[in-house]
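Student: Could we go through this structure together, with each term tied to its cut-off? I would like to see how a value leads to a word.

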Amino acid sequence: MQVNEEKMMALLGTMVGDMGAAMSAALVTLGDKLGLYRALATGPMTPEALAAQTGLAPRMVREWLLNQAAGGYVTYMGGAGDAYSMTPEQAAALADETSPFFVAGGFDVVASAHRDEPKVERAFRDGKGLPWGAHDTCLFCGTERFFAASYRGHLVSSWIPALEGVEAKLRKGAMVADVGCGHGASTVLMAAAYPQSKFTGFDSHGPSIDCAARRAKDAGLKNIAFRMADATSFAADGGFDLVACFDCLHDMADPVGCARHVKRALRPGGTWMVVEPAAGDTVESNLNPVGRVFSAASTMICVPASMSGGGPALGACAGEKRMSEVIKAGGFTTCRKATATPFNMVLEARA
Ligand SMILES: C[S@@+](CC[C@H](N)C(=O)[O-])C[C@H]1O[C@@H](n2cnc3c(N)ncnc32)[C@H](O)[C@@H]1O
């Protein structure tokens, strides 16, 4: 096999970039955990000043800053004392947990992938999958923090208004289920925005339900409850006007069973909102940076989660066509893409 030197150098160049990004992921987690981004976002600082403000070792902080500036995550200003700063965009992505552009939580998910690598290795070998609850706990918090940013930016302002007649029902007073709610980031946002409506979050992972209940208490919300239950058998009581599934249908062991149960749980005229990764329907359409993130998360988390329950392992790259088939197999007659962002598509299913 003849190696083409030009192509070889180009490939190695890409890999060096990726290696730098991968090595630096732990430094992002450290910057987040140690308060370095939050402190630097308050204004330009020398490494010594940043170390003093955060109570950290100056030599460690100096080296961290060099790495972060090399990656474009902070800005090197130079001058006397080698000052660094953050642009408003860098601060929104890394220092402001309330920003819709906050991505630091995503690096907790990256950390979980490394910690769980031996468990996923086993899943490759034995084909038995890996349940959601068997992952390192930083996956659960990372998922909450990473997804919450997008929910803050889009859920109430554009995703719910994109559904036919749903916003008006929620303003008036409706019954809503958030199935596979995790730590309840979406449930809490909706309950705060629509105080006349009642929200129940369901998830099969007990520790997530406990955390979601704490989040609702901290937010002082009274129109919200969380129950540990499976997506195929949660209590429907008087029925729901809206059932929502955020980034979880493709993870499930029985997604068609979930679709069937949601149909039973909806009141006449009710809506099922299914938020899924905005993956393409073909391999080619996922060969891009977003598809790379999705397929990595899917290999480490989503596919083994479904396999652990003997499921179809739809994965995060299932795409609109496959997800619509699953939804319709559960008895829904219509399914349309109501809206989308670069990361998510919002499907609206009606019985
Ligand atoms: C990727 S997380 C998303 C969590 C949350 N919806 C969010 O957006 O932050 C997937 C969630 O689906 C839950 N889940 C998976 N299968 C489930 C099932 N059969 N019944 C209930 N919850 C399930 C998991 O426990 C996990 O909390």
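Tutor: We begin with the background, then take the whole chain, the ligand and a few residues in turn. This is a predicted model, in which local features need pLDDT of at least 70 and side-chain atom pairs count only at pLDDT 80 or more, while totals for chains, interfaces and linings use all residues. Residues are numbered from 1 along each chain as its sequence is written, and side-chain values use heavy atoms, with hydrogens and water left out.

Student: What makes the chain as compact as a globular protein of that length?

Tutor: Its secondary structure comes to 14 helices and nine strands, where helices (H or I, at least four residues) and strands (E, at least two) are DSSP runs numbered from the N terminus. The radius of gyration is 22 Å, close to the 20 Å that the globule rule gives for 351 residues, so the chain is as compact as a globular protein of that length. That radius is taken over C-alpha atoms, and the rule is 2.2 Å times the number of residues to the power 0.38.

Student: Why is Met323 called buried, and where does Met323 lie?

Tutor: Buried means under 20% relative accessible area, exposed means over 50%, and partly exposed is in between, with a 1.4 Å probe and protein chains only. Met323 has 0% relative accessibility, so Met323 counts as buried, and its place is in helix H14, residues 319–329. Buried residues make up 48% of the 351 residues in the chain.

Student: Which residues does Met323 touch beyond its neighbours within four places in sequence?

Tutor: Contact means heavy atoms within 4.5 Å, and on that basis Met323 is in contact with residues including Leu249, His250, Glu276 and Leu347. The C-alpha atoms of Met323 and His250 are separated by 7.7 Å, although the two residues are 73 apart along the chain.

Student: How do you know which exposure word fits Asp82, Asp237 and Ala21?

Tutor: Asp82 has 26% relative accessibility, so Asp82 counts as partly exposed. Asp237, with 76%, counts as exposed, and Ala21, in helix H1 (residues 5–33), has 48% and therefore counts as partly exposed.

Student: What is notable about phi in Asp82 and Asp237?

Tutor: Most residues other than glycine have a negative phi. Asp82, in the loop between strand S1 (75–78) and strand S2 (83–85), has a positive phi near 55°. Asp237, in the loop between strand S5 (224–228) and strand S6 (240–246), has a positive phi near 45°.

Student: How many residues surround the ligand, and what makes a residue count as near?

Tutor: A residue is near a molecule or strand if one of its heavy atoms lies within 4 Å of it. There are 17 residues around the ligand, and the closest are Tyr151, Gly180, Asp203, Ala231 and Phe246.

Student: Which distances show polar contacts with the ligand?

Tutor: A polar contact is a pair of N or O atoms within 3.5 Å; within protein, one must be able to donate a hydrogen and the other to accept it, and residues adjacent in sequence count only if both atoms are side-chain atoms. Ligand oxygen atoms lie 2.5 Å from a polar side-chain atom of Tyr151 and 2.6 Å from an N or O atom in the side chain of Asp203, while a ligand nitrogen atom lies 3.1 Å from a polar side-chain atom of Asp230. Taken alone the ligand exposes 590 Å², and the protein buries 93% of that, with accessible areas from the Shrake-Rupley method with a 1.4 Å probe; for residues, only the protein chains shown count as cover.
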